[in-house]
Amino acid sequence: MILGLLVALVGPLAPAHAAAPASPVGLNVSQPLPSSTKFNWNRSAGAERYEIQVDDDSGFNSPEVNASTVNSVYVPEVTLKLATNYWRVRAVLGIDRSDWTTGLPFDPPVVTVPIPSSPVDGAHLQQPNDPPLLSWTPSPGAKSYTVQVDSDSDFVGADEFTTETTSFVITKPLGLGDWFWRVIASKGPGIVSLPSNTSSFWIEALATPVITGPLGPAPNVSPDVIDVVLDWDPVDGAIGYELQVASNIDFTAGAIVEDRTGPSGRVLGTRFSPPITYDNNGYYWRVRAVDTAGNSSGWARSQVDFNRHYDVRPNPVFPVDGSTNVPDPLYFQWDPVTNASEYEIWVGTDVNFSPNTYNSCRVAATTYTPGLFAINDTDLVNVLPNRINEDCDPQPGITNYWRVRPLDRPYVKPGGGDLPGVQGLWSPTQSFHYSGLAVTNMSPANGATVSVPSLSWDPTPGAMTYRVVIKLGLGEVDSATTYSTSYTPKGQNRLAPGTYTWSVYAETAEGTKSLAPLRSFTIAGSPA
């Protein structure tokens, strides 16, 4: 009963303290694979687990491995430093631990150097079908690889790329020529192999374009064209094309009329027409492909030149050749021709258009009316005066000549000049007899007897004013300029009886005058 009371008061008796397990023995290190290290020891009697430390410091101040295991074999899960390593192990039972048993120092396996395998050393890679795909043999235990690529074999300032596989496509565009590369395996920070042997490859240019189309490689043919269209076949891997057109086969600087080179000038398609046409001349052209790195292929040259020949001529419509007594309002008309932005018309009194015998005008339409043409004139009150190339009035009463030619703009000759555009051919020269402004249906009838000389006439198309002159014999007795089509002499004194002559002529706003027909009337006696 006393014992039971003690048990109730004190509780069950604690077991005797267990002895600490014996320290492990039989420590050894093996390297079954170049990429791994295996630690072994004999089991200790009574041990339930083991603790192991690995460090490159014999004092174990900062161990890389500080692990616990129930086995008597341990393979580290971390990469050991490439230096002399120290290791130790002890047995654990509950909270008791044996003394550390230290194994022999060892050196971890070095990182195996990869071996470049592809492309073979010195290979020529034709773009874009042979991209720079680099591959190498694996390094056991390597977690990543560093690829170094450089245009020089010293690898100073080389580009570096990291990959976890054993192949890599160089993402940076490479220039033409030879390139060098090598690879380094890595098991972790600071645990790397030596660089592999250096291998090289050669980047070849894109294929040269093949010129097609009518301005292409046809031998011994120099085609004449109005519209310049240059064609070629696409090149695999090209991001654009560079093109030049020149007036000589050597493409010297002063002869180049079209220079589509450089990043901002490249042609993105496989066809080109100049936005501003070329002058009448013979031309040569060439084209080359450009890749993503800006590398150019060889030039593809046209085998022969082509002739840009603007050989079109308008067909005159009015006035027709040989017309007589062409009245006002006079106009010139012709049929349109291709590519004409403007037309130039010459009107003169000499069939050969000798200097100072003709006027020259330009118009965008296919008709021209003298005196009714002004550019950008929106002021209907203050009419702009005729400028140069806008005043082509024929001479009345005589034979005049005219011809017209097209101008293909916006081409401007080097150095400028008054006449823009590529000049087409002249139309046939046309002649016409111009009667000019005419005053008709004058009243009173010639020779009539009147008491009050009220003069009148029909309106003259194109006339702005009329000039009336009345004479008695050789002396002028009255004159006036009027906007109307009638006139009665002014003044307080009426005309004395007698026979008078009078004339009237029409005048346009530009100063062109009609002929002045002469008529007579008679005032007899005093009026009623």
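**Charges over rings**

I started with arginine 88, which lies over the face of tryptophan 100. I noted 4.3 Å from arginine 88 to the ring centre. The model is a predicted one, and I read each entry below with that in mind. I then looked up arginine 403 and found that it lies over the face of tryptophan 426. Here the distance to the ring centre is 4.2 Å.

**Aromatic rings**

How many aromatic pairs does a search of the whole structure find? I wrote down 22. I also looked for rings that group together, and noted one aromatic cluster with Trp334 and Trp402 among its members. Phe332, Tyr343 and Phe432 belong to that cluster as well.

**The disulfide**

I searched for disulfides next and the count came to 1. Which cysteines does it join? They are cysteine 361 and cysteine 392, with 2.0 Å from S to S. I checked where the two ends sit: cysteine 361 is in strand β31, residues 358–363, while cysteine 392 is in the loop between β32 (367–368) and β33 (399–408). The two are 31 residues apart, and I recorded the pair as a link between distant parts of the chain. For the geometry of the link, I noted 120° about the S-S bond, which is right-handed.

Is cysteine 361 buried or exposed? Its relative accessible area is 0%, so I entered cysteine 361 as buried. I entered cysteine 392 as buried too, because its relative accessibility is 0%. The cut-off for buried is under 20% relative accessible area.

**The sheet of 3 strands**

I turned to the strands. Strands of a sheet pair through backbone hydrogen bonds, either parallel or antiparallel. One open sheet has 3 strands in the order β9-β11-β14, and its pairing is antiparallel. Which are the edge strands? I noted β9 (116–118) and β14 (167–169), each of which pairs on one side only. From one strand to the next the twist averages 30°.

Inside this sheet I followed β11, residues 133–136, to its antiparallel pairing with β14 over 3 bridges. On that path I marked serine 135, which stands opposite serine 167 in β14.

**The sheet of 5 strands**

Another open sheet has 5 strands, and I wrote its order as β36-β42-β41-β38-β39. The pairing in this sheet is mixed. Its edge strands are β36 (448–450) and β39 (475–482), and each pairs on one side only. The twist averages 30° from one strand to the next.

I looked at β41, residues 498–507, and its contacts with β38, residues 465–472. How many bridges join these two strands? I noted 7, with the strands running antiparallel. Two partners went into the notebook: threonine 465 is bridged to glutamate 507 in β41, and lysine 471 has threonine 501 in β41 as its bridge partner.

I then checked the pairing of β41 with β42, residues 518–523. This pairing is also antiparallel, over 6 bridges. What is the bridge partner of tryptophan 502 in β42? I found arginine 519 there.

Key
Residues numbered from 1 in each chain as written. Predicted model: local features only at pLDDT ≥ 70, side-chain atom pairs only at ≥ 80, totals over all residues. Heavy atoms only, no water. Phe/Tyr/Trp six-rings, centres within 6.5 Å; stacked < 30°, edge-to-face > 60°. Lys NZ or Arg CZ within 6 Å of the ring centre and 35° of its normal. Pairing = 2+ DSSP bridges. Helix = DSSP H or I, 4+ residues; strand = E, 2+ residues; numbered from the N terminus. Axes fitted to C-alpha atoms, helices over the stretch in contact; angles between N-to-C directions. Disulfide = S-S within 2.5 Å. Buried < 20%, exposed > 50% of the residue type's maximum accessible area, 1.4 Å probe, protein only.
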